[in-house]
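Open the structure in your viewer and keep the selection tool ready. The tour moves from the whole chain to single residues and helix pairs.

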Amino acid sequence: GRRRACAFSKHKQVTVFGAAICFVVVFSLYLMLDHLQLDHSKNNPSSGGQLSVLQDKIDHLERLLSENNEIIANIRDSVINLRESVKDSKRVLEAGNMSQGSLEMLPSPPLVVPIDSEDCQFSARPYTKSAGGVQMSDVYDLLAFDNPDGGVWKQGFDIAYNENEWDQEPLQVFVVPHSHNDPGWLKTFDDYFHDQTQHILNNMVVKLHEDNRRKMIWSEVSYFAKWWDNIDDQKRDAVKSLINTGQLEIATGGWVMPDEANTHYFALIDQLLEGHQWLERNLGVKPKTGWAVDPFGHSPTQTYLLKQSGLSNMLIQRVHYSIKKHFSSQKTLEFFWRQNWEKDPSTDILCHMMPFYSYDVPHTCGPDPKICCQFDFKRLPGGRISCPWRVPPQAITDNNIQERAHLLLDQYRKKSKLFQSKVLLVPLGDDFRYTEALEWDQQFQNYQRLFDYMNSHPELHVKAQFGTISDYFEALRSSIASSTSGSLALPVVNGDFFTYADRDDHYWSGYFTSRPFYKRVDRVLESHLRAAEILYSLALAEMRRFGKSNNFPAVESYKLLTAARRNLGLFQHHDAIAGTGKDWVVVDYGTRLFKSILSVKRVMVSSVHWLILKDKQTFSHDPSNLFLQMDDIQPAQDALPRKTVLKLSANPISLVIFNPVEQARTSVVTVYVNRHKVQVLNSHGHPVTAQVSAVWEETNRASTEVPALALAVYQLSESQELHAAAAQYVFQQQGKHLSVNGAHQFRVSTHQDPTTPFSIENAHIQLWSSPYTGLLETSLQLKDGLEQQIKVEFAWYGTTSNKDKSGAYLFLPDGEARPYTPSQAPVVRVTKGPVFSEVTTTFTHITHTLRLYNVQGVEGQSVEISNSVDIRGEFNHEIAMRITSDLNSKDRFFTDHNGFQVIQPRKTMRKLPLQANFYPMSSMVYLQDSGSRLTLLTGQALGAASLKSGQLEVIMDRRLNQDDNRGLGQGVLDNKITANCFRLLLEKRTPSAFRFFFLHVKFLFGGHLKPNERSVFFPSLLSHTTFTYLNHPFIPMATSVDFSAIPLSPYSPLHSSLPCDIDLVNLRTIQSKDEGGGPSAEAALILHRKGFDCRFSNRNTGLLCTTTLPCRLLFQPSTMPTTDLTQLLRGLSWWCVWLGE
């Protein structure tokens, strides 16, 4: 009876859908024909007008046809889904009859992910360059990147002017005193503070109050907050007075001045939020202008975040010297920086690019550093530093003031010729300046004498003064507004400023990879901190609903979160995550990250304990005997984490799994147990598919499905029978006989045919690996027949034999990479099982694993690549992973910006040295041709390139025996055993036929593809989600034996998954304004809507989400935190980031 009922229901559904298909086709075609009618009553337009009308009609036709095809495909796939679900039910019933217990029925991902057509409009629109705009990729194409001697301005050109140029509009000069305080570099953060920074800030309060004409800017809130905690109320009031009078400005307001290449946008937002919240809470100020004089290249992600946080202006410094020269010659050093995806000025921020080599005094007053150094009065004779040009400064006296003022004014005038306006910025500072009271007097008194002289001589047509950075921008904006007939029109610039070079072929692409161990730890802390923030906020909301918190450690946990936020923020500093600090400074950073990981784990354990208890009355927090234990332990700051072993018995222990992402997912969970006979049950008591693997540092794995942001509960116990499937193994070492010991519970064999490739597969992918190396040779995408030749190999880079060599900052290779050839044949191990299959190769320096997951979710769609790298015994070597394919990518590839931005097109340029073609890869890099896209997603920031068509290259570690003469004073010799993790995703592209038709018609009309018709490239929806899963894996934690009898309940705070294109960046509880540093009743919900490329199939993706859902439906009513968003977002509009909205 049941079979007949199912068959009948199936037939009924097909009949109804068949009618729907017929209706939709007719209706949609009618709409298309209706909109294609031409009005012949009007005069014939010009060919250009015809082209415009035709383009509009084609675009509309394409959209309607796409919608129609999508509707039909969805209906067809729904029928297929129904048919397959009936087959699956039949198979499950049959399997259930054969087994001893019922199987867990995980919900299968839909065959088709519903995507609203409106969600594709953002990524479908072409990039449009504004009139007179500048696209940085065009600038790179234009420039020769030669380096002729420019005279006194070595990297520039001679500058001339007429004396009467300022007769009608005087030159306004703003000299901006600053002190760049690195939160760690040659000294640790604490040592710098005690030795220098606290003295700078103490002197600042005194010296600025001595003369109200004096000004100062400060950037690093991390130092300011530490100093604030150690000063009395009287000094605090004095600081507030200086801010209120405009003598002191806090620029940017972040916890640090962050690196912009290796940082992920979660951490960029978090450190900016921590700094801004501190400023609002303690000083009541909101920054207006960004100040970034030392990051080694600049990203538009930081620009966007500053704009969204309310800043209007920004300054940048470290830009390629050829780019600076070009912008200087075009007078475009001041510009509006706009995001690539945006057509209107909504994302514009007014940016000033400093024109010369450095931000120190010799390179800021004008083009001649020999003269400018004479106006750095800290270098007066008798001091500890002097001018390298051997012409010392002179104290300003009545006898020399005329000559000195004219000499300085000449530099001011020459510098002003590089800009369109008559408003000039002159920074006055350097690293850790103004430490001593004497320097304050030397600089401020001598400059004030010069200003007084200049301002008292009207024939000089100059007004010079101390100012803040915002004083300068206010004057600049006023000059722009008052310019007649648009004579002062600043350009719009799109793009980024990577890769930075400060001279010759010295490209700063080495720091994209330096100290990769800590780059990975940074990502782990980001993921753990985010998970802890979410769980803590949800636990507080639940406690308010329950009305009682027992002894939940709310304040203690919040202090741990605050410390972790600040340690993570500190590591975003441009000499921290960049890997460019002294060895002991790196240890200090690592120790902070390590302690913070331990701290946020405690917060997670306490929060989960509350959330999963069935009886909240039984909650009791005992810090010496925690209810839950995390399943891994990192023994030290410089060691890889290792799994804890769960000791099983007949009494089950509870395994709690937290899904930290905003969509339901099916993923593989890894735990270690002390028995190979293990049974895994879900919360309903049903068995879960599991695989038991051998003890060669491998794992036992269970495939689980957990709703979004939910906590699932499983039971693990020792079994008398083998309920979990045992993995099977094949070993191979070319030319040697292998014996395998200690794995008698498993089926183990040795490979008999050394010429036959190894093969592993799942429902979507089949891989073939070399029988000699175990490395990937071919990938076949089974689901759509797409076959691609893909090869993985490793290679060595050395360093040049020239005087200047590779170091922490610079990558100066000795030519192309040489193939990695191990001294002996590697051991290859092939693992096959129902949950995962993999090929692991052990080389001398690398343990390389290719893994396929046999799950229906997203993780079954890509190849997981894991590399454990150890080059501690090498001399001046850098090791790279190279992926070679037969994609016809030519000289193009694509990288991301901080895991946030639209993908940046890159062009491998033969006119540039090899090292110039490496770019930061913080989340992904991909190649594509007309038919396919190959994406490498990463779990840590590294440097990447595509030096040949179809090829990707990633530097995984660097060991360098010398300094590269950029101030660090040492090489990179503190290498660790480093784990790098990646996902390799192959996708089939489906380019628009109508787009090609339009281009063909335009060609017939004599048109050309202009820059404003270029596509903006985005990752696919599957690629976005794969990156999220890679960086936010399931978090398992187990109850200790003492608590195994306490009843637990799964917890799910959401009605349903968030849309696939929504990223829940954070759910962060805001600090109370009361003393004590505890939590308030407010929480910041930060969302990011991601642009995605719709030219990829939405079938068989494994996604358990859609792309459209109202935000009001996200949280269950009982768990939604009580939040006044109007008050919460006051002045911090970027807390909720909606990309593309």
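What follows is a list of stops, each with something to select and a note on what is there.

**Whole chain**

Begin with everything shown. This is a predicted model. Colour by secondary structure to bring out 20 helices and 46 strands. The chain has 1141 residues, and 59% of them count as buried. Switch to a surface view next: the accessible surface comes to about 44,300 Å², with 52% of that belonging to carbon and sulfur atoms. If you display contacts with a separation of 6 or more, residues 24 or more positions apart account for 77% of them.

**Helix 5 and helix 7**

Select residues 189–210, which form helix 5, together with residues 233–244, which form helix 7. Their axes come within 10 Å and cross at roughly 55°, which means that helix 5 lies oblique to helix 7. The crossing of the two is left-handed. To see the contact, show side chains for Asn-202, Met-204, Val-205, Leu-208 and His-209 on helix 5, and for Lys-235, Ala-238, Val-239, Ser-241 and Leu-242 on helix 7. Sorted by class, this contact has six nonpolar, three polar and one charged residues.

**Ser-219**

Go next to the loop between strand 3 (216–218) and helix 6 (221–228), where Ser-219 sits. Is Ser-219 buried or exposed? Its relative accessibility is 6%, so Ser-219 counts as buried, the cut-off being under 20%. Leaving aside residues up to four places away in sequence, Ser-219 touches Ala-251, Thr-252, Gly-253, Gly-254, Met-257 and Trp-291. Add these to the selection to view the surroundings of Ser-219.

**Helix 15 and helix 17**

Now select residues 516–546 for helix 15 and residues 583–612 for helix 17. How are helix 15 and helix 17 placed relative to each other? They pack at an angle of about 30° with their axes 8 Å apart. Angles under 35 degrees count as roughly parallel, and helix 15 and helix 17 are therefore roughly parallel to each other. Helix 15 passes helix 17 in a left-handed crossing. The contact of helix 15 with helix 17 has 22 nonpolar, four polar and three charged residues.

**Tyr-714**

For the last stop, select strand 21, residues 711–718, and pick out Tyr-714 within it. Tyr-714 is buried, with a relative accessible area of 3%. Then add Leu-1048, which is 334 residues from Tyr-714 along the chain. A distance label drawn between the C-alpha atoms of Tyr-714 and Leu-1048 should read 9.8 Å.

How values were computed. Residues numbered from 1 in each chain as written. Predicted model: local features only at pLDDT ≥ 70, side-chain atom pairs only at ≥ 80, totals over all residues. Heavy atoms only, no water. Axes fitted to C-alpha atoms, helices over the stretch in contact; angles between N-to-C directions. Helix = DSSP H or I, 4+ residues; strand = E, 2+ residues; numbered from the N terminus. Parallel < 35°, antiparallel > 145°, perpendicular 65-115°, else oblique. Left-handed = near helix turned anticlockwise from the far one by under 90°. Contact = heavy atoms within 4.5 Å. Nonpolar A, V, L, I, M, F, W, Y, C, P; charged D, E, K, R; others polar. Buried < 20%, exposed > 50% of the residue type's maximum accessible area, 1.4 Å probe, protein only. Areas by Shrake-Rupley, 256 points an atom, 1.4 Å probe, with all protein chains shown as cover.
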